[in-house]
Amino acid sequence: KEKRPTGDERHPEALQFFLTLASCHEGLGQYNEAEDILQRVLECGRRALGEDSPVVFQAYRELGSIRYAQGNYHEAEQQWERGDAAHQRVKARSALSGFERSLGQLRTCLVPLALARARLNKPREAWEAWERSLARGLAAEFSTRNAWNARLTPAARVGTSGMALSE
């Protein structure tokens, strides 16, 4: 059996490449191949980058997607819970270094987690995950707007209609 990833497994760009490769396999319905790659990415990512890396978060998210596509909602839920925890660690670490807005591009695990919990007949838990997703989205939006407005001069904050951009 082929062992992937190969080469310099510690490099985040190499691990990102293998995440993309796994996603391609998943898109083709080649779930076993995708899962093998993702398991290896998780192993290498944890060892080289730690649990609080975007690569680890993305691998959990993709593994959850595979399990969901296979109808294994319980395992999908577990992967997405791990992914959500990893995502929170990534955001916490990045907030300390000033890159929190760049992480807005990462898709969270909360919406698919809510779907898996709904499939597992856990309506309360599904709703809680959905609400957390909405709350995090609103918090990110307000944070971005506040950062943007802080950069503008008072005159620039007023649009052509006379309304402040922050309204």
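S53 sits in the loop between α2 and α3, and it is a handy place to start walking through this predicted model. With a relative accessibility of 3%, S53 counts as buried, because the cut-off for that label is under 20% relative accessible area. What does S53 touch, once residues up to four places away in sequence are set aside? The partners are V90 and R93.

Now step back from that loop to the whole chain. The protein has 6 helices and 0 strands, so to speak a plain run of α-α-α-α-α-α when read along the sequence. Of its 167 residues, 34% are buried. Among contacts with a separation of 6 or more, 54% come from residues 24 or more positions apart.

Back to the two helices on either side of S53. Helix α2 covers residues 31-49 and helix α3 covers residues 54-69. They pack at an angle of about 155°, and their axes are 9 Å apart. That angle makes α2 roughly antiparallel to α3, because anything over 145 degrees falls in that class. The crossing of the pair is left-handed. On the α2 side, the contact is made by Y31, A34, E35, L38, Q39, V41, L42, G45, R46 and L49. On the α3 side, the residues are V55, V56, A59, Y60, E62, L63, I66, R67 and A69. Sorted by character, the residues of this contact come out as 13 nonpolar, 2 polar and 4 charged.

The spacing of those names is worth a moment. An α-helix has 3.6 residues a turn, so residues three or four places apart point the same way. With that in mind, look at α2 on its own. The buried residues of α2 are A34, E35, I37, L38, R40, V41, L42, C44 and G45. They pack against α1 (12-27) as well as α3. As for its length, α2 has 19 residues and reaches 25 Å from its first C-alpha to its last, close to the 27 Å expected at 1.5 Å a residue. After α2 comes G50, whose phi is positive, near 95°.

For a single residue to zoom in on, try L42, which lies in helix α2. Buried or exposed? L42 is buried, with a relative accessible area of 2%. Which residues is L42 in contact with, leaving aside its neighbours within four places in sequence? The list is V56, A59, Y60 and L63, and each of these also appears in the α3 side of the helix contact. A59 gives a sense of the spacing: L42 and A59 are 17 residues apart in sequence, yet 6.2 Å apart in space, C-alpha to C-alpha.

Further along the chain is helix α5, residues 110-119. Its buried residues are L110, P112, L113, A114, A116 and R117. α5 is followed by N121, which is placed in the loop between α5 and α6 (123-151). What is phi of N121 near? It is near 60°, a positive value in a residue other than glycine. That is a point to pause on, because most residues other than glycine have a negative phi. N121 counts as exposed, at 66% relative accessibility. So the tour has passed two loop residues with opposite labels: S53 is buried, whereas N121 is exposed.

Key. Residues numbered from 1 in each chain as written. Predicted model: local features only at pLDDT ≥ 70, side-chain atom pairs only at ≥ 80, totals over all residues. Heavy atoms only, no water. Axes fitted to C-alpha atoms, helices over the stretch in contact; angles between N-to-C directions. Helix = DSSP H or I, 4+ residues; strand = E, 2+ residues; numbered from the N terminus. Parallel < 35°, antiparallel > 145°, perpendicular 65-115°, else oblique. Left-handed = near helix turned anticlockwise from the far one by under 90°. Contact = heavy atoms within 4.5 Å. Nonpolar A, V, L, I, M, F, W, Y, C, P; charged D, E, K, R; others polar. Expected span 1.5 Å × (residues − 1). Buried < 20%, exposed > 50% of the residue type's maximum accessible area, 1.4 Å probe, protein only.
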